[in-house]
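Subject: Handover of a structure

Hi,

I am passing a structure over to you. Please open it alongside this email.

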Amino acid sequence: MEELRISVMRSLEIMASCTALYINDDDQAEPSTFLAVKLLTTRHFNPDAFKKRLSQMWPERFSINVSEKEPNFFTVEFGCFGDRRRVFIGQPWHFNYKLIVTTPLEARSMVTADMLTSTPFWIQVFGIPFLKWSRALARKLGEVLGRFIEVGTASLKESWGPYLRV
């Protein structure tokens with residue numbers, strides 16, 4: 001019984017020292033929980049309604065804080081990195097039929113409203129012959145349409161559906 005107690009105590013000491021090393025390590029920065037957001041429009045819109053709609057569209061585990069930095073340029077602070085990631089992956093977003101362009105804000109990065117000009121889209125490609133679906137074809141199609149980012153791996157299976165998701 002005494003050996004078990006000593007073993008548990010040693011494990012707890014190791015865990016405590018590892019935690020202390022991780023917390024005190026200044027080189028390891030936590031991931032940012034901020035997004036830069038711009039509404040892609042030249043027309044006037046209500047920024048308060050936009051901020052309220054963002055809070056309604058992105059109801060995640062923690063609340064979000066939307067700040068207007070300049071006209072048509074906002075920062076959104078999420079309660080945790082996972083919420084920011086889900087919103088960023090869930091693109092594209094829109095407000096009153098206008099595209100919302102987002103980019104992650106990282107430490108020591110400089111982002112201006114002029115930099116926010118594009119957003120990724122999923123494209124569905126129909127009419128590909130049976131047994132011709134491949135990553136190489138998806139990459140070529142993506143590069144013809146714009147900048148290729150990824151292919152939906154589930155859509156590479158012939159039984160998944162009638163289209164390839166690029």
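Below is what was found in it, by topic.

**Overall fold**

Please keep in mind that this is a predicted model. The protein chain has four helices and seven strands. Along the sequence, the order is α-β-α-β-β-α-β-β-β-α-β. The chain has 166 residues, and 30% of them count as buried.

One of the buried residues is L39, at 0% relative accessibility. L39 sits in strand β1, which covers residues 34-39. Its C-alpha atom is 8.1 Å from that of H94, although the two residues are 55 apart along the chain.

**The largest pocket**

How much space lies in the largest pocket? About 670 Å³. Its lining is made by 18 residues. T119, P120, F121, R147 and I149 are the ones that lie nearest the centre. Two elements, α3 (81-89) and α4, each give two or more residues to this lining. By residue class, the lining splits into 10 nonpolar, six polar and two charged residues.

**A nonpolar surface patch**

F121 turns up again on the surface. There, F121, I123, V144 and L145 form a nonpolar patch. Together the four expose about 420 Å² of accessible area. V144 belongs to helix α4, residues 135-145. V144 has a relative accessible area of 71%, so it counts as exposed, the cut-off being over 50%.

**Salt bridges**

How many salt bridges are there? The count comes to three. I take them one at a time.

- D48 and K51: the side chains meet at 4.0 Å, N to O. Both residues are in helix α2 (residues 47-57). They are three residues apart, so about one helical turn separates them. D48 counts as exposed, at 54% relative accessibility. K51 is partly exposed, at 22%.
- D83 and R86: the closest N and O atoms are 2.4 Å apart. Both residues lie in helix α3, again three residues apart, or about one turn of the helix. D83 is buried, with a relative accessible area of 0%. R86 is partly exposed, at 40%.
- E106 and R84: here the closest N and O atoms are 3.3 Å apart. This pair links distant parts of the chain, 22 residues apart. E106 is in the loop between β5 (98-105) and β6 (124-126), while R84 is in helix α3. E106 is partly exposed, with a relative accessible area of 39%. R84 has 7% relative accessibility, under the 20% cut-off, so it counts as buried.

Helix α3 therefore appears in two of these entries, through D83 and R86 and through R84. Helix α3 also contributes to the lining of the largest pocket.

**Backbone points to check**

Three spots in the backbone deserve a look when you go through the model.

First, which peptide bond is cis? The one from Q91 to P92, with omega near 0°. P92 lies in the loop between α3 and β4 (93-95).

Second, N72 has a phi near 65°. That is a positive value in a residue other than glycine. N72 is in the loop between β2 (65-70) and β3 (73-77). Is N72 buried or exposed? It is buried, because its relative accessible area is 13% and the cut-off is under 20%.

Third, N96 also has a positive phi, about 50°, and is not a glycine. N96 is found in the loop between β4 and β5. At 52% relative accessibility, N96 counts as exposed. So the two asparagines with positive phi sit on opposite sides of the cut-offs: N72 is buried, and N96 is exposed.

**Where to start**

For a first pass, open the largest pocket and find F121, one of the residues nearest its centre. From F121, go on to the nonpolar patch it forms with I123, V144 and L145. Then turn to helix α3 for D83 and R86, and follow R84 across to E106. Finish with the cis bond from Q91 to P92.

Best regards

Conventions
Residues numbered from 1 in each chain as written. Predicted model: local features only at pLDDT ≥ 70, side-chain atom pairs only at ≥ 80, totals over all residues. Heavy atoms only, no water. Patch = residues over 30% accessible without salt bridge, like charges linked within 9 Å, V, L, I, M, F, W, Y side chains within 5 Å. Areas by Shrake-Rupley, 256 points an atom, 1.4 Å probe, with all protein chains shown as cover. Buried < 20%, exposed > 50% of the residue type's maximum accessible area, 1.4 Å probe, protein only. 1 Å grid on protein atoms, 1.4 Å probe; cavity = no way out; pocket = protein on both sides within 12 Å on 5 of 7 lines; lining within 4 Å. Points joined across faces, edges and corners; volume = space filled by probe spheres on them. Nonpolar A, V, L, I, M, F, W, Y, C, P; charged D, E, K, R; others polar.
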